[in-house]
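Subject: Structure handover

Hello,

Here is the structure we discussed. My notes on what was found in it follow below.

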Amino acid sequence: MPFPQNFTVTAMTPEDKRAVYEFALWAFPSTQSLEDFLRQTQPFPSERSVVVRDPNQEIAAFHTSYAFTQFNVPGATLPTSGLSWVGVHPQHRRKGLLRAIIERHFADCVERNEAISVLFAAEPGIYGRFGYGRAAYDVRCRIPRGATQRPLIEAPAGDGAELTVRIELFNPDQHIPIIEVLHARAGHSVNGTGLNRPGWATREADELRTRLHTVAPPPNTREATRIVLILRDGEPVGYTKFHRELNWENTGPNGHVATSEVVALDPAASWKLWSVITEFDLTGYTDSFMLPIDDPIVTRLENNRSITMHHVDNVWARIIDLKTALEGRQYACDVEVVLEVTDTLIESNAGRWKLIASAFDGPSGSRTPTVERTDETPDITLGIRDLGAVYLGGTSLSSLASAGLVHAVNPRALATASTAFGWPHAPMSSWVF
């Protein structure tokens, strides 16, 4: 869809910075002043940011994206675009600008050889119509102080005894390098299993690392940000950033702990990390913002009913290049299936495709998955939105079929394909980009 007549479309330039920041505060209301926003490191990579101006040369729409060159998909990584800061000025609604900038984004993905586009949906009702599917979920947890974790099975001698704890005031220069190395390793091998976590986006761009770890002055009700590090023989194997807020009641102190990512490289480090952040004095509970739905703490607590959990959509995925995307991941069982896919925005994805893959092999193994066009009768018929929903392994084809969103010719094809597209670890991005 073309942009409206007399609207101009350009890449962002340094001269656009103030106007773009002012527009961003229109699109995403904030208590932050424009001057404070301008003092921060620019969160928009200029070469990937698109500015749309109206006939008066005022910004009417904007979007940017981040290059994830090693974005985790099941059993592999793929170059991926992280779409963000999508906004249309309220006075220019209902003119087709949103669809036009999304189509421009898709064209840019094709040019950059990015096979999938991912985003966090500020409003879930918007992005499904552009082919994005809810591909991952997370849980937001409140855990009471002193919650009992089940003991671990007997580990190799010394594993538990070698763990030490360090709690420090968060220092970006000192701690960001440690955090980013641990974060990448944790996504590559979830808790030491050797299997990756799809959707686990690393902060490859400087602007992302700086924005995520910026230390803002705390409000009067809470302390400055601190960090817990778990070490084995002096080497970090787990971390979380946190702050505490005190709350004095007639019955005594009932403060709380708020954490961000809770990341560990193995079960012993995870056990130790959670035991620290759920045992602070003067607190009654710990809030964790985003956890995988299969996070160890959810499985390991003796009394799972004691947790307050909210199940929330996480990453949404849109397949840009179907053949590259489906050949670029692993599958959880042998599969040979014909998919008939509809895609009204990227016509090259539409049609019948035959997928042949071996369990947990490829895309760099001896039996790389193959995806080719075919005239054979389809086993499963679905839209590109629902193919995106199952792509990271967090939504099953069978659940979509039972909801009437996917049509399967026979139960065997549905069962096999549902298993194949699944993955042992639930997909999730641990931060919002």
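Helices and strands here are DSSP runs, with at least four residues for a helix and at least two for a strand, numbered from the N terminus. On that basis the protein has 12 helices and 21 strands. Please keep in mind that this is a predicted model.

Overall dimensions

For a chain of 433 residues, a compact globule would be expected to have a radius of gyration near 22 Å; the value for this protein is 23 Å, which agrees. Along the principal axes, the C-alpha atoms fill a box of roughly 65 × 60 × 40 Å.

Burial, contacts and surface

Buried residues make up 52% of the 433. Among contacts with a separation of 6 or more, 72% are between residues 24 or more positions apart. The accessible surface is about 19800 Å², and carbon and sulfur atoms account for 51% of that area.

Charge

There are 40 positive and 50 negative side chains. The centres of these two sets lie 3 Å apart.

Aromatic pairs

The search of the whole structure gave 14 aromatic pairs. One of them is Phe28 with Trp85, an edge-to-face pair with 5.5 Å from centre to centre and 85 degrees between the planes. Phe28 sits in the loop between helix H1 (17-27) and helix H2 (34-39), while Trp85 belongs to strand E4 (residues 76-88), so this pair ties together parts that are 57 residues apart in sequence. How do the two residues fare for exposure? Phe28 is partly exposed, at a relative accessible area of 33%, and Trp85 is buried, at 18%; the cut-off for buried is under 20%.

Another pair is formed by Phe106 and Tyr132: the ring centres are 6.2 Å apart and the planes are at 40 degrees, so the pair counts as tilted. Phe106 is in helix H3 (residues 97-111) and Tyr132 in the loop between helix H4 (124-127) and strand E6 (133-134), so here the parts tied together are 26 residues apart in sequence. Both residues are buried, with relative accessible areas of 4% for Phe106 and 0% for Tyr132.

Phe28 and Trp85 also appear in a cluster: ring pairs link them with Tyr21, Phe44 and Phe62.

Regards

Methods. Residues are numbered from 1 along each chain as its sequence is written. This is a predicted model: local features need pLDDT of at least 70, side-chain atom pairs count only at pLDDT 80 or more; totals for chains, interfaces and linings use all residues. Side-chain values use heavy atoms; hydrogens and water are left out. The radius of gyration is taken over C-alpha atoms; the globule rule is 2.2 Å times the number of residues to the power 0.38. Buried means under 20% relative accessible area, exposed over 50%, partly exposed in between (1.4 Å probe, protein chains only). Contact means heavy atoms within 4.5 Å. Accessible areas come from the Shrake-Rupley method with a 1.4 Å probe; for residues, only the protein chains shown count as cover. Lys and Arg count as positive and Asp and Glu as negative; His and the chain ends are not counted. The place of a charge is taken as NZ of Lys, CZ of Arg, CG of Asp or CD of Glu. Rings of Phe, Tyr and Trp (its six-membered ring) pair if their centres lie within 6.5 Å; planes under 30 degrees apart count as stacked, over 60 as edge-to-face and the rest as tilted.
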